[in-house]
Amino acid sequence: MLRDRAGGATCAGMVKANAYGLGVRRVAPALWQAGCRNFFTANMDGAVMLRTLVPQARVHVLNGLLEGGEEDMATHGVIPVLNDLGQIERWSAWARRSGRELPAAIHIDTGMNRLGLPPYEVEALAARPELLQGLDIAHVMSHLACADEADHPMNRRQLDLFNRLRAMLPALPASLANSSGIFLGRDYHFDMVRPGYAVYGGNPTPEAANPMAPVVTLRARIIQVREVGAGESVGYGGHFTAQRPTRVATIPVGYADGYLRSLSGQGSARIGEIEIPVIGRVSMDLVTLDISAVPDDKAVVGTWVELIWGSKMLDELARRAGTIGYELLTALGGRYPRVYRSGENA
Ligand SMILES: *Cc1c(COP(=O)(O)O)cnc(C)c1O
């Protein structure tokens, strides 16, 4: 779907942080199967793993060429996203020394002020084109700071600056859009788009309904059910006090699994179609839920409780936790068995 939205642009797959917490070992080959040939990860460890998972793919390292990393990167055939002039100099020197062209991407900073060549370094590079000798530049890229707010003036400013800076360099393929950027229109697509969050079912257009199909479902089974009398409290700190007799279910999920403690008294789950609120504090390994609204025989030990489902709940749960779905996904703990499904009705 993202590939269609991006018009003719190539659709890369962002698989940093273990494919946003979902498990790069299964995600990368699945993306390859779907036609993805360009992968981006944060660091060399991720890149080395990708070289074995998807050996034919182009693997980019966002953190760039760290001091002394030349040999490792060249040996593994990964593509550094060069983030400053020094990295460009070192990579091109390594290419000349080894007598072969080396692949690279160039990251220019158009306002994020985080990684990439600032405008004055792009000007310096434009004045010294010999710095690119020996390099096979796959893309000149930049990254949008506010793409999830379609009307934010920064989007247009970054686009204009990107075009202005790009024009100083030799003609090269370009890449600007993350998930949300794909939905800002054709001007933002260039030659390659780089979606991450949307690939994993997050809403790239927070001001509108989620156009993406659900990807992640999170569920847990009830391990105990109890009646709590009016006036009794539940959980650490006694922060929840039952106003009336309340049925409480406990599930074996906690902040150690990435079910954030800020969801205490804020989160909710569901059994069937019935929404059940999180009550009391989220503990390390346990969450307590008010199941009073669920018929007794529909919420017993062993009953499945859904924590993330459909195309809205990831973003909604994140909002209630005071964060974004990206953080919930990357926090999904190692204790959750991950079950992968593929195919049309996955
Ligand atoms: C993480 C990242 C992306 C993907 O962003 P999403 O919002 O997850 O689509 C794209 N480009 C760069 C440089 C990134 O670091």
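Here is a short conversation about the ligand site and two threonines in a predicted model.

Tutor: Welcome! Local features in this predicted model need pLDDT of at least 70, side-chain atom pairs count only at pLDDT 80 or more, and totals for chains, interfaces and linings use all residues. Residues are numbered from 1 along each chain as its sequence is written, and side-chain values use heavy atoms, with hydrogens and water left out.

Student: What makes a residue part of the group that surrounds the ligand?

Tutor: One of its heavy atoms must lie within 4 Å of the ligand. By that rule 14 residues surround the ligand, and Lys16, Tyr20, Ser179, Tyr197 and Tyr326 are the closest.

Student: How do you know which shell residues count as nonpolar, polar or charged?

Tutor: Ala, Val, Leu, Ile, Met, Phe, Trp, Tyr, Cys and Pro are nonpolar, Asp, Glu, Lys and Arg are charged, and the others, Gly among them, are polar. The shell then divides into 7 nonpolar, 4 polar and 3 charged residues.

Student: Why is the pairing of lysine 16 with the ligand called a polar contact?

Tutor: A polar contact is a pair of N or O atoms within 3.5 Å; within protein, one must be able to donate a hydrogen and the other to accept it, and residues adjacent in sequence count only if both atoms are side-chain atoms. A polar side-chain atom of lysine 16 is 2.6 Å from a ligand oxygen, so the pair qualifies. Serine 179 has a polar side-chain atom 2.5 Å from an oxygen of the ligand, and a side-chain N or O of histidine 143 is 3.3 Å from a ligand nitrogen.

Student: What makes threonine 323 a contact partner of Leu260?

Tutor: Contact means heavy atoms within 4.5 Å. Beyond its neighbours within four places in sequence, threonine 323 touches Leu260, Ala318 and Leu328 in this sense. Its side chain also makes a polar contact of 2.4 Å with the side chain of glutamate 327.

Student: Which residues does threonine 217 contact?

Tutor: Leaving aside neighbours within four places in sequence, threonine 217 is in contact with Glu306 and Ile308.
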